[in-house]
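Me: I am new to this one. Please show me the sequence and the structure, and then take my questions.

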Amino acid sequence: MQTAIEWSSNGHTLRGMLHQPDGLGKVPLVIMFHEYGATKTENKFIYVELSRVLEQKGIASIRFDFYGSGESDGELGQKSLASDLSCARDIMRYAQTLSFVNHERIAIVGKGSSCLIASQLSAEMSAEAKAEGSVELSAEGKTGVKALVLLSPTVKTWNVQYTSELQAAELELDVDCSDIAVPAVSLIAGEKEDNKELVERYTRLYQQQLSLCTIANVSQVVETVNSREQMMEHTVAFLEQQLL
Amino acid sequence: MQVAFGCLSNGKVLRGMQHIPEHAAGKVPVVIMFHGFTATMSFMFVELSRVLESVGIASVRFDFTGSGESDGEFIDMSIASEVHDGLQVLDYVKELDYVDKDRIALLGVSLGGVIASFAAGQRAEDIRALCLICPAFIFSEHLKQGTMGHYTDITRINETQFVDMGGIKLGKDFVNDGLLRDIYKESAPYQNKILIMHGDADIDVPIRVSEDYAKAYQDQAHFHVIHGADHIFMNPVHKQELFDKTVEFLTEQFQL
């Protein structure tokens, strides 16, 4: 079942879509972050397809527009990496209020520039869970993110200011996270992508928790029908393995 | 006020957004917006809807079947399916209690402009005004040349069933249906005013396409060239000009 949802973040209305599998009981949840300049459907509607496939597998998902994008309040010129991170924290808080969600099994999918938002939020949640004395489910339902999918990660956008904010955030990936819980990570990228340095940082950060999937002959994952199908197949299989 | 809605078209759910002016007295005029090829109801339409709402004009945006949030697969999309979707939304809008049924306009961008024009031809009696933004009437010319856009070869589509449009499948129904279309004949029954806007730096749909259309409609059409504008009105100055001209035209046609 696909339902339009909205909630307030810093006095602004954010709008999105919730896909909830039929049936009773708690289900895993995937939250999808779109990249700068895109919307909650993502390029060629890949997030809509992913949500519908996951729903059939018994996994719920939330897609939403960041402040200043798509259906949400604000204008593109008003958004920043900080405002996107704030929205990401709010959507996670919103997700944790959903009674049908298994809070131990939440994953995030990021694409392009939003991969950094996904990994940053995941790190914050792990640190928060550690501070509370457990990386497992607490009474309030707070836990680390179970899994991350990073699709064609990049620190480049057509907005100079936003790009400089991303590049500064990229440097923060060189941290020691040996004492916090690290999610299972699937990084999927095209063979010809100009993101090798960022991929190396992610590899150092997540070490053996990261699996790298390289799609041959493309410069981004949504470039051909074939690359899209490979990306979709790999993403769904990974999320099924981690969440079900 | 922005409200999500859904309505059915051939058993599939079309999803969209309504923008309803909050302080309007009585029924209000409404614009139904048709998005372009592989696009969605978002982006420029969100901004335009908010501008129109501020001057007392409601709007309804939606994703065609197989696009964005709506049900269906893109491979099944055709001009016929999109015109049908548009007419289903028109019927839905006519039943909304805040809508003045005598003041309904259609607005389309790129391929959405083609769909709006054809839908207005089919429901001439329902449509008070028509607004076409860089309408992609060139599709017919391209298909006859065996291409879709600049680069995609569609000559073997009945064998392959689809062509790859950068990661999404364009199906053979679109091509086979499109080859049969007569642009002017299908639009002809519509007799009210048309605003056509086109950027003279548009390389996706050259401005000559709109020049020819405007000539065919003579006094019925008002043709406005946005100098330097590309197909997606990336420059905020061009976009503002587009919005200003749209508001001016609709305000006049709706007698606000």
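Reply: Short questions and answers follow. This is a predicted model, where local features need pLDDT of at least 70, side-chain atom pairs count only at pLDDT 80 or more, and totals for chains, interfaces and linings use all residues. Residues are numbered from 1 along each chain as its sequence is written, with chains lettered from A and ligands numbered from 1 in the order in which they are written.

Me: What pattern does chain A follow along the sequence?
Reply: Helices (H or I, at least four residues) and strands (E, at least two) are DSSP runs, numbered from the N terminus. Chain A has 6 helices and 8 strands. Read in order, the pattern is β-β-β-α-β-α-β-α-β-α-β-α-β-α.

Me: What share of the residues in chain A is buried?
Reply: A buried residue has 20 or more other C-beta atoms within 10 Å of its own, an exposed one 12 or fewer, a partly exposed one a count in between; C-beta atoms are placed from the backbone. Chain A has 244 residues, and the buried share is 48%.

Me: Which helix of chain B gives the most to the largest nonpolar core?
Reply: A nonpolar core joins buried Ala, Val, Leu, Ile, Met, Phe, Trp, Tyr and Cys residues through C-beta atoms within 7 Å. The largest has 78 residues, and B:Ile32, B:Ala105, B:Leu106 and B:Leu130 touch the most other members. With 7 residues, the top contributor from chain B is helix α3 (residues 111-122).

Me: How many residues does chain B bring to the contact with chain A?
Reply: Residues are in contact if their C-beta atoms, placed from the backbone, lie within 7 Å. Chain A gives 15 residues. Chain B gives 14.

Technical notes: Two residues are in contact if their C-beta atoms, placed from the backbone, lie within 7 Å.
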